[in-house]
Amino acid sequence: MSKTYRLVISCPDRVGIVAAVSQYLNERNGSIVEANHHTDAEQKWFFMRHVIDADSMSVDLDTFRREFSKIAEAYDMDWFINDSDDKPKVMLMATKESHCLNDLLHRWHTGELSCDIVGVIANHDDLRSMVEWYNIPYHCINVPKEDKMPAFKAIEKAIDESGADTVVLARYMQIFPEYLCEKYRFRVINIHHSFLPSFIGAKPYHQAAVRGVKLIGATCHYVTADLDAGPIIEQDVIRVRHSHSATDMVRLGKDIEKLVLSRGLRFHIEDRVLVHGNKTVVFSQ
């Protein structure tokens, strides 16, 4: 795929936004290869994501940012533009379960996820050999029940030193402290084993089996100080039958968790997710 720029905008809705952006790109020979718009009628807020053929542009990114800032100011835009060649740096975190971690590593290894995985942080050593097979740094940071703060300070240090743009909790079973949620706001992605807020707590699939549910699902969301209540990026379900045991549901649940987390991460690293309040606009493909 040729090099592209991703222009992402959110701002108060008003007449003329699309025309102003289109005119600017047209005057600089910018070829739009993908365009997405959405207006939230209740909030009166406008969202835009354009993918532009970089080779078609008559100006470089620095010039683009300097010139476009005048348009952005006129329309009170919250905006950025990214180069597709600048791959986001991703830190993965896990505990003992390997299905989500292994799936993301495989998708990254085969080129499906356009990012650089800079490391894996875990609070157990069980997954070390799998991670090191990919030649990825493995940080085992134990989180004792008595005093967790030193461990989270070590986690923070590992994330910052890696230069990670995004952190993915691939079934990491420790609760992020509030200060890290704020520091990495909308940069930490989690996978939850249900449609929130159903079946919160231990053994969710056993709870679902007891209730005789016909659908089980998974939710990918941003981590916030409000536990499992952050803006939702992606969700999906899989059908189950009365004949499925709790063990069957765990197996099926892992399948849907992997799929939803990988989609959510891909949407995030491709700048397809725009957050407004506690809602998201996801220009999925």
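Author: Helices here are DSSP runs of H or I with at least four residues, strands are E runs of at least two, and both are numbered from the N terminus. This is a predicted model, where local features need pLDDT of at least 70, side-chain atom pairs count only at pLDDT 80 or more, and totals for chains, interfaces and linings use all residues. Residues are numbered from 1 along each chain as its sequence is written, and side-chain values use heavy atoms, leaving out hydrogens and water.

Reader: At what angle do α3 and α8 pack?

Author: Take α3 as residues 99–109 and α8 as residues 246–269, with axes 9 Å apart. Axes are lines fitted to C-alpha atoms, for helices over the stretch in contact, and angles run from 0 to 180 degrees between N-to-C directions. For this pair, the angle is about 45 degrees.

Reader: Which word describes how α3 and α8 lie to each other?

Author: Under 35 degrees counts as roughly parallel, over 145 as roughly antiparallel, 65 to 115 as roughly perpendicular, and the rest as oblique. So α3 and α8 are oblique.

Reader: Which element gives the largest share of the largest nonpolar core?

Author: A nonpolar core is a set of buried (under 20% relative accessible area, 1.4 Å probe, protein chains only) Ala, Val, Leu, Ile, Met, Phe, Trp, Tyr and Cys residues joined through side-chain atoms within 4.5 Å. The largest one has 33 residues, with Leu104 and Leu261 among those with the most contacts inside it. Elements giving it two or more residues include β5 (89–94), α3 and α8. The largest share, six residues, comes from α8.

Reader: How many residues does the second, separate core have?

Author: Leu25, Met48, Met57 and Met77 are among its members. This second core has 23 residues.

Note on methods. Buried means under 20% relative accessible area, exposed over 50%, partly exposed in between (1.4 Å probe, protein chains only).
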